[in-house]
Amino acid sequence: MSDEFTLDILDIPSGWRRGEGDWTGVAAAMARGETVEVIQEVGSTLWQNSLPEKHSLCWEGEILSTIKARIWISFTQRRFSPESALPKVQWHPRVLWIGIGCERGTGRELIETAIKQVCRAYHLAESAIAGIATIDTKAGEVGLLELCQERNWPLKTFAADILSSVEVPNPSNIAAKAVGTPSVAEAAALCAVREENLTADEGEYTQISINHQRPFAFMCGSNPLLVPKQIFRTKNPPLSQGGARAGSGVTVAVAVCPIEYLG
């Protein structure tokens, strides 16, 4: 084993985000040539093609007795015990599309809080968020635009007739009458995933992996909706600059894409 095989030379896609973990410990194990287990649940596997002939990585379940460190590649937010003798790290491919429905004038803080609460409740890594999707009439919502700019998230918008053509688990007659589609958050998240799949370079993404033995995986096949719509309200929304009350309601849904966003 060459001492030159280190964590830093792994050809990880540039759009992946480093998550929590003992990066120093995993890097040290690799530098010593010790066995490091890789558990990849989502994202392109093309990075594996650049590995040197002799390397210390193994894949899930191969060499359990000699594993000295572990690398998780997932959209899940894991909490590692500081007492564990096995150093672990997380990579987060950006595969989660957040569908948002909101009342007019909803502030950035409420939208961001709603997304954080959904991620926390479903153990999703915010670093795995690819972007935001919503109806086209919300393209100018200041709260959404501010949040996307701050977090460097793309904002995808879709017309009501496109959203209304998408089958969702929780359609709403109230929404259909108000905005012309029975679903905004769920349908927009699914449309974002569909658009990413249609525009992807097929040659570049020939080895996409979603591990169907993992939690949530049953939602990642024909139905990529990971989190059905969750509704958040605040009783006392702040006043806008014009003196009117800001929007007090946000709906959040999450869909997972087999193709990571690298923008």
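Of the 263 residues of the protein chain, 50% count as buried. The model is a predicted one. The chain holds 6 helices and 10 strands.

**Exercise 1. Find the largest nonpolar core and the elements that build it.**

Step 1. Take the residue count. This core has 29 residues.

Step 2. Look for the residues with the most contacts inside the core. They are F75, L96, I100 and I115.

Step 3. Assign elements. Those giving two or more residues are β6 (96-102), α2 (108-121), β7 (129-135), α3 (142-151), β9 (225-233) and β10 (249-256). Helix α2 gives the most, with 6 residues.

Step 4. Check for another core. A second, separate one has 23 residues, including W97, A130, L190 and I259.

**Exercise 2. Work out how helices α2 and α3 are linked by salt bridges.**

Step 1. Start with E150 and R108. Their side chains form a salt bridge at 3.7 Å, N to O. E150 is in helix α3 and R108 in helix α2, 42 residues apart.

Step 2. Classify R108. Its relative accessible area is 17%, so R108 is buried; the cut-off for buried is under 20%.

Step 3. Move to E112 and R151. The closest N and O atoms of this salt bridge are 3.2 Å apart. E112 lies in α2 and R151 in α3, so the pair ties together parts 39 residues apart in sequence.

Step 4. Compare exposure. E112 is buried at 14% relative accessibility. R151, at 22%, is partly exposed.

Step 5. Join the pairs. Salt bridges with shared partners connect R108, E109, E112, K116, E126, E150 and R151 into one network.

**Exercise 3. Describe the salt bridge between K156 and E195.**

Step 1. Get the distance. The side chains meet at 2.5 Å, N to O.

Step 2. Place the partners. K156 lies in strand β8 (residues 155-158) and E195 in helix α6 (residues 185-199), so the bridge ties together parts 39 residues apart in sequence.

Step 3. Add the burial. K156 is buried at 13% relative accessible area. E195 is partly exposed at 31%.

**Exercise 4. What is the nearest side chain of opposite charge to E260, and which polar partners does E260 have?**

Step 1. Locate E260. This residue is in the segment after β10.

Step 2. Test for a salt bridge. E260 is buried yet has none. The nearest side chain of opposite charge, R94, is 11 Å away. The cut-off for a salt bridge is 4 Å, so R94 fails the test.

Step 3. Look for polar partners. The E260 side chain makes a polar contact of 3.0 Å with the side chain of W16. A polar atom of the E260 side chain also lies 3.0 Å from the backbone nitrogen of S44.

Key
Residues numbered from 1 in each chain as written. Predicted model: local features only at pLDDT ≥ 70, side-chain atom pairs only at ≥ 80, totals over all residues. Heavy atoms only, no water. Core = buried A, V, L, I, M, F, W, Y, C linked by side-chain atoms within 4.5 Å. Buried < 20%, exposed > 50% of the residue type's maximum accessible area, 1.4 Å probe, protein only. Helix = DSSP H or I, 4+ residues; strand = E, 2+ residues; numbered from the N terminus. Lys, Arg positive; Asp, Glu negative; His and termini not counted. Polar contact = N/O pair within 3.5 Å; in protein donor to acceptor, adjacent residues only side chain to side chain.
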